[in-house]
Amino acid sequence: MFNQDPGLNKVLSALVYAPLLFMAAAGAQTRPQPVAETIGANLPAQPIGANDLVVVSVYDAPELSRTARVGADGLMRLPMLKQPIKALGLMPDELESTIAGALRAEQLIVDPFVTVNVAEYNSRPISVAGAVKAPLTFQAVGPVTLLEAITRAGGLSPEAGAEILVSRLPHGTDDPHTELLQRIPVKGLIDAADPKLNIPLAGGEEIRVPEVGKVFIVGNVTKPGAYPIVNATESSVLKMLAVAEGLQRYATKEAYIYRREDNGEKNEIPVPLSKIMERKAPDVPLLANDILYVPDNKSRRLTMGALEKLLIIGGGVTAALVYAGVH
């Protein structure tokens, strides 16, 4: 096929075979990537936890490659391996080394090439509940802050109270009795934008936004209703009567506070209303969920049980007053 000239034949041979030799050498030196790489970019690297979905790919060994979910015990099981692999707390690259070591130890592959991708994190739930616009639970994939979690829940609702409660379990325990509770003031977090209050979340937190406390004012007042307590330490009979725009004409000289205690007991607290109005008796503090009842001096006084039933059945303070015949 070549010319009779030996020198020219050497040149032509070099030109024909050199590209082939280069391609063969390149193929021998380049190790193909495992199939798992085509699945997509890995999620942010975080320690693997229970119920996380992990994609394990062993190069040139499809029978050992699989998608596996980490069990509640932190272990994952792979085909042909006698012992389960402990994945709990490992980073993806650390799990790669652990699986490769297990394959070598059981003499399945001399020099295994293992890649691990986390397809789904399920071990870091963050729940946001209470006085938010859209309560939800989501997974903490990557860094998350308290403000980001509140934003995902649509922000605070108008009924939100003055505090945000963040509860979490300390690291290394799953005992609910050791739960840590942190109180975050809403004004400091949102209005003052204090960065120290915008705490980082790692998953496993429960965020609760209690509704603002309310005092129910019923009876012979100008504007009965349910009024929020802006500052629990400054709520009193006189201040709440001012919010309700004062007493009506037939109000009695004595009012009553109906209070349900934390242990479930019901208390009826007499209030010397006329003396307080005349500054002859000290003002009486009110707590959240108190019912301040100012009876009519011409009708029979209602009991706490009757008022509570009317508030529930009637659907509100106004309905309760209509049923009670005090308008």
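Contact means that heavy atoms lie within 4.5 Å. This is a predicted model, in which local features need pLDDT of at least 70 and side-chain atom pairs count only at pLDDT 80 or more, while totals for chains, interfaces and linings use all residues. Residues are numbered from 1 along each chain as its sequence is written, and side-chain values use heavy atoms, with hydrogens and water left out. The chain contains 8 helices and 17 strands; helices (H or I, at least four residues) and strands (E, at least two) are DSSP runs, numbered from the N terminus.

**The chain as a whole**

- Of the 327 residues in the chain, 35% are buried, where buried means under 20% relative accessible area, exposed means over 50%, and partly exposed lies in between (1.4 Å probe, protein chains only).
- Among the contacts in the chain with a separation of 6 or more, 55% join residues 24 or more positions apart.
- The accessible surface of the chain is about 19,300 Å², and carbon and sulfur atoms account for 56% of this surface; accessible areas come from the Shrake-Rupley method with a 1.4 Å probe, and for residues only the protein chains shown count as cover.

**Helix 2**

- Helix 2 covers residues 92–105, and its 14 residues should span 20 Å at 1.5 Å a residue, which agrees with the 20 Å between its end C-alpha atoms. The expected span is 1.5 Å times one less than the number of residues.
- Which residues of helix 2 are buried? They are Pro-92, Leu-95, Ile-99, Ala-100, Ala-102 and Leu-103.
- These buried residues lie on the same side of helix 2, because they cover an arc of only 160° around the axis. The arc is that of the directions from the helix axis to the C-beta atoms.
- An α-helix has 3.6 residues a turn, so residues three or four places apart point the same way.
- The buried residues of helix 2 pack against four named elements: strand 1 (53–58), strand 3 (75–76), strand 4 (85–86) and strand 5 (114–120).
- Gln-107, just after helix 2, has a positive phi of about 60°.

**The loop between strand 3 and strand 4**

- Met-80 is located in the loop between strand 3 and strand 4, and its phi is near 75°, a positive value in a residue other than glycine.
- Met-80 counts as exposed because its relative accessibility is 52%.
- Lys-82 is found in the loop between strand 3 and strand 4 and is exposed, with a relative accessible area of 75%.
- The C-alpha atoms of Lys-82 and Leu-103 are separated by 10.0 Å, and the two residues are 21 residues apart along the chain.

**The loop between helix 4 and strand 11**

- Ala-193 belongs to the loop between helix 4 (186–191) and strand 11 (200–201).
- Although Ala-193 is not a glycine, it has a positive phi of about 55°.
- With a relative accessibility of 51%, Ala-193 counts as exposed.

**Strand 16 and Val-271**

- Is Val-271, in strand 16 (residues 266–271), buried or exposed? Val-271 is buried, with a relative accessible area of 0%.
- Leaving aside neighbours within four places in sequence, Val-271 is in contact with Val-237, Lys-253, Glu-254, Ala-255, Ile-257, Ile-276 and Val-284.
- Val-271 and Tyr-256 are 15 residues apart in sequence, and their C-alpha atoms are 5.4 Å apart in space.

**A charge over a ring**

- The charged end of Arg-152 sits over the ring of Phe-138, 4.2 Å from the ring centre. A charge sits over a ring if NZ of Lys or CZ of Arg is within 6 Å of the ring centre and within 35 degrees of the ring normal.
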